[in-house]
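Morning, everyone. I'll take a few minutes on one structure. Please have a look at it first.

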Amino acid sequence: MSVLGVQTHAWPVRLAHWSMALAILIMVGSGWRIYNAEPILPFRFPLAVTLGGDVEAALARHGDPGVATAIAWHFAGMWLLIAAFLLFVIYGVVSGHFRRDFFPVGPRAFLHDFTAALHFRLEHRLGEYNTVQKVFYWGVLAAIIVIIVSGLAIWKPVQTYPLEVLFGGFQGARIVHFLAMIVIVGFLVIHLALVALVPSTLVAMITGRSGSPAPRNGGRP
Ligand code: HEM
């Protein structure tokens, strides 16, 4: 271990991770503002947690409560998310990061780690993920694919007609898009709670290094 500590996360992982985090925050905030204009459930999100500029000014300018601005944010976030997701997945496959750190994920190991987590006995070693974490990461990556594909079906319903059929029509695609958002926001809440429990992981995800003893995988990213 050098004076700088061991390498825990390579820069492409950190760049992709923080870009995905920013993109998700932009997309969720602006998505909630767009949803509010035509809710599919009997509630609206509080304006304060939505993104789309000043409602009064937007009403005066375009006659809508900031939906046009929210859509612009949503598309900007979408390109960032797609680029960051591709970087994360391509790097994960090519560098061997997925093979080394995101596998194995067998049901027995999951049950073992899940039970330990429920009893607050699950250890966290920097640079090494337990099976519950691995399953969560695969789950959120899958939800991101679903949210991108269902979003494309909503954006371009004619050009992506086979997707419309897959989701059971435009409204079906909206519902799937909404459910994927719930999965991602749910992941984020648990993810942030776990980061708060082990704050040293945050330092490692920002700097790429950890001052703790070398992890079992030898500190590979
Ligand atoms: C916005 C606030 C976020 C913070 C503060 C945060 C923080 C962190 C930290 C500290 C780690 C390292 C965990 C460890 O070493 O045990 C991590 C890993 C990870 N996070 Fe986040 N995260 C955030 C948002 C997100 C979002 C929105 C996603 C999903 C798109 C995400 C997906 C992941 C994944 C997949 C990993 C594993 C990275 C790898 O090693 O390849 N995170 N996050």
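Let's start at a boundary. Across the interface of domain 1 and domain 2, two residue pairs are in polar contact, both at pLDDT 80 or more. That pLDDT tells you something: this is a predicted model. How many salt bridges does the rule find across the interface of domain 1 and domain 2? Zero.

So much for the polar side. Now, who is who? The domain assignment puts domain 1 at 7-101 and domain 2 at 103-199. Their centres, taken over C-alpha atoms, are 15 Å apart.

Next, the interface itself. In general, the size of an interface is often quoted as the accessible area lost when the parts come together. Here, about 1900 Å² is buried between domain 1 and domain 2. Carbon and sulfur atoms give 78% of that area. In residues, 26 from domain 1 are in contact with 20 from domain 2.

Stay on the domain 1 side. Which residues there lose the most area to domain 2? They are Ile40, Phe85 and Asp101. Together they account for 28% of what that side buries. Now the helices. H1, H3 and helix H4, residues 97-101, each supply at least two residues of the side that touches domain 2. H3 gives the most to that side, with eight residues.

Now the inside. The largest nonpolar core has 31 residues. Six of them have the most contacts inside it: Met20, Leu81, Phe88, Phe102, Ile144 and Ile184. Which elements give two or more residues to this core? Four helices: H1 at 11-37, H3 at 67-94, H6 at 131-155 and H8 at 169-197. H1 gives the most, with nine residues. And where does the core lie? Both domain 1 and domain 2 give residues to it, so this core lies between them.

Zoom in on Met20. Leaving aside residues up to four places away in sequence, Met20 touches Leu81, Ala84, Phe85, Phe88 and Ile144. Phe85 is a name you have heard already: it was among the residues of domain 1 that lose the most area to domain 2.

One last stop: helix H2, residues 55-62. Asp54 caps its N-terminal end. A side-chain oxygen of Asp54 lies 3.0 Å from the backbone nitrogen of Glu56. Then look just after H2. Gly63 takes a positive phi there, about 75°.

To recap: a core of 31 residues, lying between the two domains because both give residues to it. And no salt bridges found across their interface. Thanks.

Technical notes:
Residues numbered from 1 in each chain as written. Predicted model: local features only at pLDDT ≥ 70, side-chain atom pairs only at ≥ 80, totals over all residues. Heavy atoms only, no water. Core = buried A, V, L, I, M, F, W, Y, C linked by side-chain atoms within 4.5 Å. Buried < 20%, exposed > 50% of the residue type's maximum accessible area, 1.4 Å probe, protein only. Domains from an automatic or database assignment. Contact = heavy atoms within 4.5 Å. Buried area = accessible area lost by both parts, 1.4 Å probe. Salt bridge = Lys/Arg side-chain N within 4 Å of Asp/Glu carboxyl O. Polar contact = N/O pair within 3.5 Å; in protein donor to acceptor, adjacent residues only side chain to side chain.
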